[in-house]
Amino acid sequence: MIYKGGSSNKKLSRAGFYWNILSMELGKLCRMPLFYVLVLMFIVFNLYLFRDGKGCFLNAIQKEAALVQDNSEVFRGNNFYDYYEELNTKELQKDAKRGVLFDAQTEKWIAANYEKLEHRAEQMGEKEKNSVSFTGMYGLHQFLFGNLFLFFILEGMMMIAVAVIYSMHFEVFYDTEDVVAVSKMGKRVFRVKLLAAGGFAIALNLVVILVSLVIYFGVIDYSSIWNSYVSSNYNVEKRTVNDLYLLVYPYITWIPMTIRQYFWACMGIVFLLYLFMIQFTGMLAQHWKNSILVLSVILIIFFLMYLCGNHILGSSGLEYVLKCNPIHLIMKSGYWFMDYAPGDTYPAYEMVTMAVWLVVSGVGMKMWRHRDI
């Protein structure tokens, strides 16, 4: 009994030790003015995004969408028709491939994915295709999910990188790292510091997102469309193909999704990207003591991901393996859970990409859990 009691007390004391470390790390982060400056800057920048070239809140978009509620004749009089009936997935496939010739196996895989897309379009019911409650909303899908969510992610990743590096390199800044890292328990402190920094950064990001969205939805009333479907004849927008021309293109989500469901699904992807950034930055910060080096490596790796996802073409399926990276996923935020290009036109692209990179960053943290003092 004495042994058990001692073991229990030891566990409690260890838990108390880590809790104290967590509290102290959060205290240090809370006292850092830089984070509050970043929050203010991000909110102001997001508000600036709400303004068009004339300085009026989305005035041009709303004027373009001055249609009469629940009046299909008015919609059709404004050149609206059944875009899904006119959809030709073979032509989409041809345009999206940008004239690159692929091997037979890759061509077969691409064709199979576009056949799934065509089948999905054919199975849409009239209720999904003809949600007419988008009055005044035409043109806003890409603004919210393609622009605003894109900056939510970039701002959040920046905040996470700064918080994690500051917390995990705090001892380096004050030349006390040798005191912490020489013991087994001291090395575990880095995990607590990562937890504190990641949680703190996500909390600040949520403040930025909440304030931005409250103002956005206060300006643009979404009350009539939350239960409407993303895939609707009245939610089509223009898309650039090959940087040469604009194509009126309907959204095709892989499963029927209302605006509300799509919104929360996208928020889920944003959160997973934040988790990836915490692990990825923690992995590098735990291995290297130089903060500038860590930031430089992050930027270089992300730039290479961008090149792999957007500018590296090949004749095999390697191109589509390279597209399965977080930066390419971020850049197509307005087209999550739907088709975008052959390399990511398959139902599980978003989840496969996040699962792969969360595992990669997690394994990297295990492999690089030690560093020289």
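Trainee: How many residues does helix 16 have, and what distance does it reach from its first C-alpha to its last?

Mentor: Keep in mind that this is a predicted model. At 1.5 Å a residue, the expected reach of helix 16 is 27 Å. The computed reach is close to that, and helix 16 has 19 residues and spans 27 Å.

Trainee: Which residues of helix 16 are buried, and where do they sit around the axis?

Mentor: The buried residues of helix 16 are Tyr 349, Glu 350, Thr 353, Met 354, Trp 357, Ser 361, Gly 364 and Met 365. They lie on the same side of helix 16, because they cover an arc of only 120 degrees.

Trainee: Which exposed residues does the face of helix 16 turned away from its buried side carry?

Mentor: Happy to look at that face too. Turned away from the buried side of helix 16, it carries the exposed residues Val 359, Lys 366 and Met 367.

Trainee: Moving back along the chain, is Phe 337 buried or exposed?

Mentor: Phe 337 lies in the loop between helix 15 and helix 16. Its phi is positive, about 65 degrees, although Phe 337 is not a glycine. Most residues other than glycine have a negative phi. Buried means under 20% relative accessible area, and Phe 337 has 14% relative accessibility, so this residue counts as buried.

Trainee: How does the span of helix 8 agree with its 28 residues?

Mentor: Helix 8 covers residues 141–168, which should span 40 Å at 1.5 Å a residue. Helix 8 also bends by about 25 degrees at Phe 149. Even so, the span agrees, with the end C-alpha atoms 39 Å apart.

Trainee: How many of the 28 residues of helix 8 are buried?

Mentor: Helix 8 is largely enclosed by the rest of the structure. That conclusion follows from the count of buried residues, which is 23 of the 28.

Trainee: Which helix gives the most to the lining of the second largest pocket?

Mentor: That pocket has a volume of about 260 Å³. Helix 8, helix 13 and helix 15 each supply at least two residues of its lining. With five residues, the one that gives the most is helix 8.

Trainee: How do the residues of that lining divide into nonpolar, polar and charged?

Mentor: The lining of the second largest pocket includes Leu 154, Met 157, Phe 302 and Ile 330. Its residues divide into no charged, no polar and twelve nonpolar.

Trainee: Within what arc do the buried residues of helix 6 fall?

Mentor: In helix 6, the buried residues include Thr 106, Ile 110 and Tyr 114. The buried residues line one face of helix 6, because seen down the axis they fall within an arc of 105 degrees.

Definitions and conventions: Residues are numbered from 1 along each chain as its sequence is written. This is a predicted model: local features need pLDDT of at least 70, side-chain atom pairs count only at pLDDT 80 or more; totals for chains, interfaces and linings use all residues. Side-chain values use heavy atoms; hydrogens and water are left out. Buried means under 20% relative accessible area, exposed over 50%, partly exposed in between (1.4 Å probe, protein chains only). Helices (H or I, at least four residues) and strands (E, at least two) are DSSP runs, numbered from the N terminus. The arc is that of the directions from the helix axis to the C-beta atoms. The expected span of a helix is 1.5 Å times one less than its number of residues. The bend at a residue is the angle between axes fitted to the seven residues ending there and the seven starting there. On a 1 Å grid over the protein atoms alone, a cavity is a set of points where a 1.4 Å probe fits but cannot get out, and a pocket is an open set with protein on both sides within 12 Å along at least five of seven lines; lining residues have an atom within 4 Å of a point. Grid points are joined across faces, edges and corners, and a volume is the space filled by probe spheres set on the points. Ala, Val, Leu, Ile, Met, Phe, Trp, Tyr, Cys and Pro count as nonpolar, Asp, Glu, Lys and Arg as charged, and the others, Gly among them, as polar.
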